[in-house]
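Q: Got a minute to walk me through this one? I'd like to go from the sheet outwards.

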Amino acid sequence: MSSEKAMDLIFVHGALVSDGAWWWQPTADLLFERTGIRSRAVALPSTGETTPENRGGGLAADAEALRRELDSATSAIVVGHSYGGTVIAEAGQHPAISHLLYVSSYLPDVGQSQAEIMSGESDPVSIGDNGDGTLSLSGYDVGSFGQRFLQDAAEATQREGWERVTAQGAAAFVTPTTNAGWRGVDSTYIVCAQDHSTSVELQRSHASRATRSVEVPTGHHPFITRPDLVVDQVQAFV
């Protein structure tokens with residue numbers, strides 16, 4: 001495929017981490033090699049990626065950041081990972097979106113918060129209140145983080161992921177959505193069948209709201225561990 005095609009891929013990363021470009025890079029490289037499509041990651045204000053001293057903007061600010069990226073695109077595939085799907089919902093419909101791709105993510109109804117979505121998990125990720133309006137992963141070290149979120153990645157990659165764990169504004173978790181941007185938009189959901197972070201049951205529940213779904217034998221981050229499986233799904237819609 002020629003890179004002249006007016007198509008972008010915009011990646012919206014998950015909660016409590018920063019540097020979306022790093023998380024997406026293995027898939028970005030393979031996608032460009034196969035198709036010529038360039039990728040970029042949204043900088044989420046709630047994780048301090050726009051103003052490190054201020055994480056208070058929450059879900060609304062993250063959704064606005066995605067809308068700004070879409071405003072500069074003619075046609076885009078938007079990929080939401082984990083919390084990124086809630087950002088997509090809040091951002092609402094946008095004429096530049098040609099397809100939505102969800103990876104172990106969420107398609108919330110209007111009025112659902114991220115905290116509400118996660119509240120039904122039987123083995124929830126441990127998140128602590130920092131007392132300053134932000135939340136962080138609680139009780140993890142590099143080893144336990146790697147086993148929970150990146151068990152199918154190399155140890156060096158687990159360490160690099162751990163270095164990108166960050167605090168996030170609590171408003172990203174407790175603010176109910178006011179939009180359901182996935183409604184009426186063609187979408188694919190990738191269920192990660194070996195995910196130790198988001199249960200397969202919760203994934204399948206949200207996958208039922210997508211146009212179609214596929215299951216892959218990976219942990220929470222297939223765009224790192226099996227970029228070929230993710231690129232296969234992108235290529236089906238370009």
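What follows is a chat about the sheet, its helices and a few loop residues.

Q: What kind of model is this?
A: This is a predicted model.

Q: OK, the sheet. In what order do the strands come?
A: The order is S2-S1-S3-S4-S8-S9, an open sheet of 6 strands with parallel pairing. The edge strands are S2 (38-41) and S9 (212-216), each of which pairs on one side only. On average, neighbouring strands in this sheet are turned by 20° against each other, direction ignored.

Q: How many bridges do S1 and S3 have?
A: S1 (residues 8-12) and S3 (residues 76-81) pair over 5 bridges, in the parallel sense. To get the register, start from Asp-8: its bridge partner in S3 is Ala-76.

Q: Which helix packs on the sheet there, touching S1 and S3?
A: Helix H3, residues 84-91, packs on the sheet and touches S1, S3 and S4 (97-103). The direction of H3 makes about 130° with that of S3.

Q: Is H3 enclosed or not, and how many of its residues are buried?
A: 8 of the 8 residues of H3 are buried, so the helix is largely enclosed by the rest of the structure. The buried residues are Gly-84, Gly-85, Thr-86, Val-87, Ile-88, Ala-89, Glu-90 and Ala-91.

Q: What do those buried residues of H3 pack against?
A: They pack against S1, H2, S3, S4 and helix H4 (114-118). Right after H3 comes Gly-92, which has a positive phi near 80°.

Q: How do the H2 and H3 axes cross?
A: The axes of H2 (residues 58-71) and H3 cross at roughly 75° and come within 8 Å. That makes H2 roughly perpendicular to H3. On the H2 side the contact is made by Leu-59, Asp-62, Ala-63, Leu-66 and Arg-67, and on the H3 side by Thr-86, Val-87, Ile-88, Glu-90 and Ala-91.

Q: What's the mix by class in the contact of H2 with H3?
A: This contact has 6 nonpolar, 1 polar and 3 charged residues.

Q: Back to the sheet. How many S8 residues are buried?
A: In S8 (residues 187-192), 6 of the 6 residues are buried, so this strand is largely enclosed by the rest of the structure. Side chains in a regular strand alternate between the two faces of the sheet. In S8 both faces are covered: Ser-187, Tyr-189 and Val-191 are buried on one side, and Thr-188, Ile-190 and Cys-192 on the other.

Q: And how many bridges join S4 and S8?
A: S4 and S8 pair over 4 bridges, in the parallel sense. Val-103 has Ile-190 as its bridge partner in S8.

Q: How many join S8 to S9?
A: 5 bridges join S8 to S9, and these two run parallel. In S9, Ser-213 stands opposite Tyr-189. The chain gets from S8 to S9 through helix H8 (residues 200-207), and this β-α-β crossover is right-handed.

Q: Switching topic: where does Val-42 lie?
A: Val-42 lies in the loop between S2 and H2. With a relative accessible area of 3%, Val-42 is buried, since the cut-off is under 20%.

Q: Which residues does Val-42 touch, leaving out those up to four places away in sequence?
A: Val-42 touches Ile-10, Phe-11, Val-12, His-13, Glu-49, Ala-65, Leu-66 and Glu-69. As for Arg-67, Val-42 is 25 residues from it in sequence and 9.7 Å from it in space, C-alpha to C-alpha.

Q: What about H5 and H6, how do their axes cross?
A: The axes of H5 (residues 142-149) and H6 (residues 155-162) cross at roughly 105° and come within 9 Å. The two helices are therefore roughly perpendicular to each other. Val-142, Phe-145, Gly-146 and Gln-147 of H5 meet Gln-158, Arg-159, Gly-161 and Trp-162 of H6. By class, that contact has 3 nonpolar, 4 polar and 1 charged residues.

Q: Last one, on backbone angles. What's phi for Leu-16, and for Ser-104?
A: Leu-16 has a phi near 65°, a positive value in a residue other than glycine. Leu-16 lies in the loop between S1 and helix H1 (20-35) and counts as buried at 4% relative accessibility. Ser-104 also has a positive phi, near 45°. Ser-104 is found in the loop between S4 and H4 and counts as buried at 0% relative accessibility.

Definitions and conventions: Residues numbered from 1 in each chain as written. Predicted model: local features only at pLDDT ≥ 70, side-chain atom pairs only at ≥ 80, totals over all residues. Heavy atoms only, no water. Pairing = 2+ DSSP bridges. Axes fitted to C-alpha atoms, helices over the stretch in contact; angles between N-to-C directions. Contact = heavy atoms within 4.5 Å. Parallel < 35°, antiparallel > 145°, perpendicular 65-115°, else oblique. Nonpolar A, V, L, I, M, F, W, Y, C, P; charged D, E, K, R; others polar. Buried < 20%, exposed > 50% of the residue type's maximum accessible area, 1.4 Å probe, protein only. Right-handed = clockwise from strand over helix to strand, strands pointing away.
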